[in-house]
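Thanks for coming, everyone. Please take a look at the structure on the screen, and then I'll walk you through it.

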Amino acid sequence: MGRRMFVAVVPPEPVQEDLAAFLEPRAEHPWIAPEQWHITLAFMGDVSASAEDRLVEGLEAAAARRTSMRLQLAGAGAFPDPWAAKVLWVGVRGDVDELGRLARNVRNSAQHAGATPDGQAFAPHLTVSRLRRVQEQTRWVRVLDTYEGPSWVADEICLIASELGVGPHGRPRHEIVATAGLG
């Protein structure tokens, strides 16, 4: 059995601090801790040790083919929808076409390395809440939809290992395994 891993763009600290300041007065909702915030490009549920080395090499090559991009956290939504939500998210604006191309390159590299990504379509977002049960969340989507964070230049991707249930409050613990610079 391998490790659960994902490749993501991690917003820099000032961006995380801005979103945390927006969410802080709304603490009655169970928000995910800022150290877990990321924009997932590819998720791989089971990466073997042998595939991990090939994956790192492939991600470095994929990142080198793409350029840095200006991104901004703004807007909001819920999966699967606000009336029966399991996840609340903040949207991503800016160079989202380039972000989509990066996600495609990352997923192709993962597949080639033997670390098969899940088949979910890429939807640029940053998860801010995972609910224990499906529930109506239209009010929170409207609140989150007012958020517009500072823009930043994303210039690297991170390969992150995710260990379920061992983080604070039974959340996953995330560990950055490798980074690769864009361009």
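Buried residues make up 46% of the 183 residues in this chain. Keep in mind that this is a predicted model. The surface the chain exposes comes to about 9300 Å². Carbon and sulfur atoms supply 50% of that area.

Next, overall shape. How does the radius of gyration sit against that of a compact globule? For 183 residues, a compact globule would be near 16 Å, and the chain has 16 Å, so the two agree. The C-alpha trace spans about 45 × 35 × 25 Å along its principal axes.

Now the fold. We have 4 helices and 8 strands. Reading from the N terminus, the order is β-α-β-α-β-β-α-β-α-β-β-β. How far apart in sequence are the residues that come into contact? Take the contacts between residues at least 6 apart in sequence: 78% of them join residues at least 24 apart.

One backbone detail. Most peptide bonds are trans. The bond joining phenylalanine 79 and proline 80 is cis, with omega about -5°. Proline 80 sits in the loop between strand 3, residues 69-79, and strand 4.

On to the open space, starting with the largest pocket. It holds about 1000 Å³ of space. Its lining counts 31 residues. Which of them lie nearest the centre? Those are Thr40, Val87, His125, Thr127 and Arg130. Four strands each supply at least two lining residues: strand 1 (3-9), strand 2 (39-47), strand 4 (85-94) and strand 5. Strand 5 gives the largest share, 5 residues. By class, the pocket lining has 14 nonpolar, 10 polar and 7 charged residues.

Then there is enclosed space. How many cavities of 30 Å³ or more are there? The count is 1. The largest cavity holds about 50 Å³. Helix 2 (49-64), strand 7 (156-163) and strand 8 (173-181) each give two or more residues to its lining. The residues themselves are Val56, Leu59, Glu60, Ile157, Cys158, Leu159, Ala178, Thr179 and Ala180. By class, that lining has 7 nonpolar, 1 polar and 1 charged residues.

Let me pick out four residues, beginning with valine 177. Valine 177 is in strand 8. Why does it count as partly exposed? Its relative accessible area is 29%, and partly exposed runs from 20% to 50%, so valine 177 falls in that class. Valine 177 touches Arg3, Met5, Glu52, Leu159, Ile160 and Ala161, leaving aside residues up to four places away in sequence. Leu159 in that list is also one of the residues lining the largest cavity. Valine 56 is another residue of that lining. Valine 177 and valine 56 are 121 residues apart in sequence, yet 8.9 Å apart in space, C-alpha to C-alpha.

Next, a pair that touch each other: arginine 66 and asparagine 105. Arginine 66 is in the loop between helix 2 and strand 3. Is arginine 66 buried or exposed? Its relative accessible area is 17%, and the cut-off for buried is under 20%, so it counts as buried. Sequence neighbours up to four places away aside, arginine 66 touches Glu98, Arg101, Leu102, Asn105, Leu182 and Gly183. Phenylalanine 122 is 56 residues from arginine 66 along the chain, and their C-alpha atoms are separated by 17 Å.

Asparagine 105 lies in helix 3, residues 96-113. With 14% relative accessibility, asparagine 105 is buried too. With the same neighbours left out, asparagine 105 touches Ala62, Arg65 and Arg66.

Last one: glutamine 137. Where is it? Glutamine 137 is in the loop between strand 5 (125-135) and helix 4 (138-145). At 5% relative accessibility, glutamine 137 counts as buried, because the cut-off is under 20%. Beyond residues up to four places away in sequence, glutamine 137 touches His29, Pro82, Ala85, Leu88 and Leu131.

That's the tour. Happy to take questions.

Key:
Residues are numbered from 1 along each chain as its sequence is written. This is a predicted model: local features need pLDDT of at least 70, side-chain atom pairs count only at pLDDT 80 or more; totals for chains, interfaces and linings use all residues. Side-chain values use heavy atoms; hydrogens and water are left out. Buried means under 20% relative accessible area, exposed over 50%, partly exposed in between (1.4 Å probe, protein chains only). Contact means heavy atoms within 4.5 Å. On a 1 Å grid over the protein atoms alone, a cavity is a set of points where a 1.4 Å probe fits but cannot get out, and a pocket is an open set with protein on both sides within 12 Å along at least five of seven lines; lining residues have an atom within 4 Å of a point. Grid points are joined across faces, edges and corners, and a volume is the space filled by probe spheres set on the points. Ala, Val, Leu, Ile, Met, Phe, Trp, Tyr, Cys and Pro count as nonpolar, Asp, Glu, Lys and Arg as charged, and the others, Gly among them, as polar. The radius of gyration is taken over C-alpha atoms; the globule rule is 2.2 Å times the number of residues to the power 0.38. Accessible areas come from the Shrake-Rupley method with a 1.4 Å probe; for residues, only the protein chains shown count as cover.
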